[in-house]
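This briefing concerns the strand pairing, helix packing and salt bridges of one protein chain. Please consult the sequence and the coordinates alongside the text.

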Amino acid sequence: MMISARRSFLELGFYDPLIESIKDLITNKLFFASKDIVAFDAGCGEGYYSEKALNNLPGLETEILGTDISKFAVKNAAKKYKDNFYFVSSIYNLPIAYESTDLILSVFSPIMAEEFKRILSKKGHVIIVSPASNHLREMAELIYDNFRPHTSNVIEKMSPLFKHDFAERTTFKIDIKSAEDLLSLLKMTPYYWSTGIERLENITNKNELSVTCDFNIDVFSLDKSS
């Protein structure tokens with residue numbers, strides 16, 4: 001249900017500003033040893049981010065790989081984005097050769113720094129997208145009595161093995177004008193799966209909502225001293 005909701009919502013283009021931020025960052029701020037790169041989506045879900053953010057990059061030719069622990073997600077990704085290669089695996093034990101990927105993208109997915117280091121080429125980059133403090137704030141305020149801003153431990157998880165090169169933040173508002181689209185967004189989040197029906201009705205009874213989308217984008221490269 002979560003995978004179907006992700007596809008229904010993301011395909012509407014609500015997160016296009018995030019996609020453009022990632023593509024702009026790769027194109028204008030990252031440098032690779034060759035224009036032909038292997039790009040890997042770690043925790044690809046139904047494949048939206050790998051297809052939209054890693055494909056058609058100016059000046060680069062990308063071979064796109066993606067993995068997810070969900071067989072249903074991978075099946076959906078492979079069926080829709082036939083030019084990419086998707087497979088089922090755990091992020092903690094990747095069936096990928098040493099130093100064989102040039103770019104790793106992780107969007108709202110588990111992080112395994114040791115495996116990322118093992119598979120990343122010496123001049124490669126890791127991009128990790130995580131929720132910034134106000135992500136989906138308006139939805140949370142309808143569910144909880146007190147809003148707690150999101151916190152991030154991405155740098156803490158990556159810093160023993162990687163150098164934190166820089167961080168960006170992408171924030172924008174989306175206006176959802178359909179109860180169906182709002183429900184799809186809700187089902188993408190942990191809120192839907194961990195909140196009682198009574199609280200969820202504060203959202204599911206609405207036909208429209210303006211929501212803040214707030215993302216941290218952190219970029220890492222190999223720490224040569226590690």
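The points below begin with the sheet, continue with the helices and end with the salt bridges.

The structure is a predicted model. Its 7 strands form an open sheet with mixed pairing. Helices α2 and α4 are among the elements in contact with strands of this sheet. A search of the whole structure finds 9 salt bridges, including one between R169 and D214.

**Sheet order and edges**

- The strands follow the order β3-β2-β1-β4-β5-β7-β6.
- Strands β3 (85-88) and β6 (162-176) form the edges, and each of them pairs on one side only.
- On average, neighbouring strands are turned by 20° against each other when direction is ignored.

**Strand β4 and its neighbours**

- Strand β4 (residues 101-107) runs parallel to strand β5 (residues 120-131), and 6 bridges join the two.
- Strand β1 (residues 36-42) also pairs with β4 in the parallel sense, over 3 bridges.
- L105 of β4 stands opposite D41, and the bridge partner of L105 in β5 is I127.
- A further position in register is L103, which stands opposite H125 in β5.
- Strand β4 is mostly covered, with 7 of its 7 residues buried.

**Helices on the sheet**

- Helix α2 (residues 16-29) lies across β4, β5, β6 and β7 (209-222). The direction of α2 makes about 150° with that of β6.
- Helix α4 (residues 71-80) packs on the sheet, where it touches β2 (61-68) and β3. The angle between the directions of α4 and β3 is about 165°.

**Packing of α1 against α4**

- Two packed helices are described by the angle between their axes and the distance between the axes.
- For helix α1 (residues 2-10) and α4, the angle is about 35° and the axes lie 9 Å apart.
- The crossing of α1 past α4 is right-handed.
- Helix α1 contributes I3, S4 and R7 to the contact, while α4 contributes F72, A73, N76, A77 and K80.
- By residue class, this contact comprises 4 nonpolar, 2 polar and 2 charged residues.

**Salt bridges**

- E99 pairs with K122 in a salt bridge whose closest N and O atoms are 2.9 Å apart. The pair links distant parts of the chain, since E99 belongs to the loop between β3 and β4 and K122 to strand β5, 23 residues apart. E99 counts as partly exposed because its relative accessibility is 45%.
- R137 and E141 form a salt bridge with a closest N to O separation of 2.8 Å. Both residues lie in helix α6 (residues 137-143), 4 residues apart, which is about one turn of the helix. R137, at 31% relative accessibility, counts as partly exposed, and so does E141 at 41%.
- R169 forms a salt bridge with D214, the closest N and O atoms being 2.5 Å apart. R169 lies in strand β6 and D214 in strand β7, so this pair ties together parts that are 45 residues apart in sequence.
- Is each partner of this pair buried, partly exposed or exposed? R169 has 48% relative accessibility and therefore counts as partly exposed, whereas D214 counts as buried because its value is 0%.

How values were computed: Residues are numbered from 1 along each chain as its sequence is written. This is a predicted model: local features need pLDDT of at least 70, side-chain atom pairs count only at pLDDT 80 or more; totals for chains, interfaces and linings use all residues. Side-chain values use heavy atoms; hydrogens and water are left out. Two strands pair if DSSP finds at least two bridges between them. Axes are lines fitted to C-alpha atoms, for helices over the stretch in contact, and angles run from 0 to 180 degrees between N-to-C directions. Contact means heavy atoms within 4.5 Å. A crossing is left-handed if the near helix is turned anticlockwise from the far one by less than a right angle, and right-handed if clockwise. Ala, Val, Leu, Ile, Met, Phe, Trp, Tyr, Cys and Pro count as nonpolar, Asp, Glu, Lys and Arg as charged, and the others, Gly among them, as polar. A salt bridge is a side-chain nitrogen of Lys or Arg within 4 Å of a carboxyl oxygen of Asp or Glu. Buried means under 20% relative accessible area, exposed over 50%, partly exposed in between (1.4 Å probe, protein chains only).
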